[in-house]
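Q: Could you take me on a close look at one part of this protein? I am in my first year, so a friendly walk through it would be great.

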Amino acid sequence: MEAPSRSVHPPNDFPGYRSTALRAPKQPLRVLPGRLGELTAPLLAGETIGLLDHDLTRQHDGDPLGERISISGRVLDDDGNPVAGALIELWQANAAGRYAHLSDQHPAPLDPNFSGAGRCLTDVEGGYRFVTVKPGAYPWRNHPNAWRPAHVHFSVFTPAIAQRLVTQMYFPGDPLFDQDPIFNSVPDADSRRRLVARWSLELTEPEWSLGYAWDIVVAGRDATPLDDDPSE
Amino acid sequence: MTLPLTPSQTVGPFFRIGLSTTIGSHVIGEGMPGAIRISGQVLDGAGEPVPDALIETWQPEGAGRCATDEEGHFAIVTSKPQDGAANGAPHLDVSVFARGLLTRLVTRMFFPDESAANDADPVLRTLSPTERATLVAVREEGGLRFDIHLQGAGETVFFDR
Ligand SMILES: [Fe+2]
């Protein structure tokens, strides 16, 4: 049976993003009966999140170059319940648009004071907060003169597999949105807007950093492709 | 109240920066009783290895994560899930992330020594023998082998998220 289309997520087969051509499955996704799995074990066995893991500006001796920002918000499920204890992992380019990754060949400078990765666990209200620098735009070879809008990669990991999400957060007013196939792979404009953080005066710290607000909504714990599981 | 979901986006080519260490490739230790090494290769529609994919396995006992190497290989050490018959035959939920995948792909890995349970499994039962074969690991020296074909001949069966 072919799965119902869900307009909020991109289709995997999206020719404007060239790398999908040999990687997107050609067969329709199947619907699973019943619930997806959930971990009963602790999410992180033996792994502790450091107190400063959320602060990408304090991982080296010096300060990274760039515009200092904070990104904060809540992880909620689609009923509006906070998702506490979710692992958020984040990675990004530096302020010049270069990743601290061996295969990033963009001739923009690396920053010895910026690795570009952070992580945290959401609090009881589902809240999270990162401190970082605003990433630069960078070129890629998808089409002639293609540039990615500034973005931060986010991964949300909870015990419920139905909630697993990897996405990208963008910045308001970016002039590069219209030519970016990854941003525009999200079919409807309202959903695309939910990938864009909001600049917030309240979250902006005077004389210190710009504040961006961004909430993340994941599926409910018991989300199943089918509404009813007759076996339960 | 129903809030609209945050859309998925690709992990892109540089996810190792952020997704490398927090969750590891060993759900249980290699020498523990019941430990099984599951290895495989991720292949694209041209049959070429995918060197920048991330595999995550889920089962009640824990989650495993492994990025593919230059030949598209991954390996995860875990045990057979013990969650009883309620959820069908024992299986791992497997997610695949990669550059070129705008959403995660979800599949299931079943165990080759569970043929009776596999025959009765509500998911496997709905598949043709060819499709079913893509979801059952095969025995190999030192463990199990579970190759993932993203596209084309022998394409792995993937499920709606
Ligand atoms: Fe990126």
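Which protein donors hold the iron ion?

A: Happy to help! Keep in mind that this is a predicted model. The iron ion has four protein donors, and each one is a side-chain atom of chain A: Tyr99(A) and Tyr138(A) each offer an OH atom, while His151(A) and His153(A) each offer NE2. These donor atoms lie 1.9 to 2.2 Å from the iron ion.

How are they arranged? The angles among the 4 donor atoms run from 92 to 161 degrees, and the site is classed as irregular. A set of four donors would count as tetrahedral only if all angles lay between 85 and 135 degrees. Along the chain, the donors follow the spacing Y-x38-Y-x12-H-x1-H. The two tyrosines link distant parts of the chain, since they sit 39 residues apart. Tyr99(A) is in the loop between strand E2 (87-92) and strand E3 (117-121) of chain A, whereas Tyr138(A) belongs to strand E5 of chain A.

Let's follow each tyrosine outward, beginning with Tyr99(A). This donor of the iron ion also helps to line the second largest cavity. About 30 Å³ of space lies in that cavity. Other residues of its lining include Gln92(A), Arg98(A), Asp111(A) and Phe114(A). By class, the lining divides into 5 nonpolar, 4 polar and 2 charged residues.

The strands on either side of the Tyr99(A) loop, E2 and E3 of chain A, are partners as well. They run antiparallel and are joined by 5 bridges. In one of these pairings, Leu87(A) has Leu121(A) in E3(A) as its bridge partner. Both strands belong to an open, antiparallel sheet of 4 strands, in the order E3-E2-E7-E8 of chain A. Its edge strands are E3 and strand E8 (165-170), each of which pairs on one side only. Neighbouring strands in this sheet are turned by 20 degrees against each other on average, direction ignored.

Now for the other tyrosine. Strand E5 of chain A, home of Tyr138(A), covers residues 138-140 and gives the largest pocket the largest share of its lining, 3 residues. The pocket holds about 610 Å³ of space. It is lined by 21 residues, and those nearest its centre are Pro139(A), Trp140(A), Arg141(A), Pro13(B) and Phe14(B). Residues of both chains are therefore named among those nearest the centre, as their letters A and B show. By class, the lining has 8 nonpolar, 8 polar and 5 charged residues.

Chain B offers something to set beside this. The largest cavity, with about 40 Å³ of space, is lined by chain B residues, among them Ile38(B), Thr57(B), Phe74(B) and Val94(B). Its lining has 7 nonpolar residues, 1 polar and no charged ones. Strand E4 (73-78) and strand E5 of chain B each supply at least two of the lining residues.

That strand E5 of chain B is also part of an open antiparallel sheet, in which 4 strands follow the order E3-E2-E5-E6. Here the neighbouring strands are turned by 25 degrees against each other on average, direction ignored. Within the sheet, E2 (residues 53-59) and E5 (residues 91-98) pair over 6 bridges, and Ile55(B) has Val96(B) as its bridge partner.

Key: Residues numbered from 1 in each chain as written. Predicted model: local features only at pLDDT ≥ 70, side-chain atom pairs only at ≥ 80, totals over all residues. Heavy atoms only, no water. Pairing = 2+ DSSP bridges. Axes fitted to C-alpha atoms, helices over the stretch in contact; angles between N-to-C directions. 1 Å grid on protein atoms, 1.4 Å probe; cavity = no way out; pocket = protein on both sides within 12 Å on 5 of 7 lines; lining within 4 Å. Points joined across faces, edges and corners; volume = space filled by probe spheres on them. Nonpolar A, V, L, I, M, F, W, Y, C, P; charged D, E, K, R; others polar. Donors = N, O, S within 2.8 Å, 3.2 Å for Na, K, Ca; no water. Tetrahedral: all angles 85-135°; square planar, octahedral: opposite > 155°, others 65-115°.
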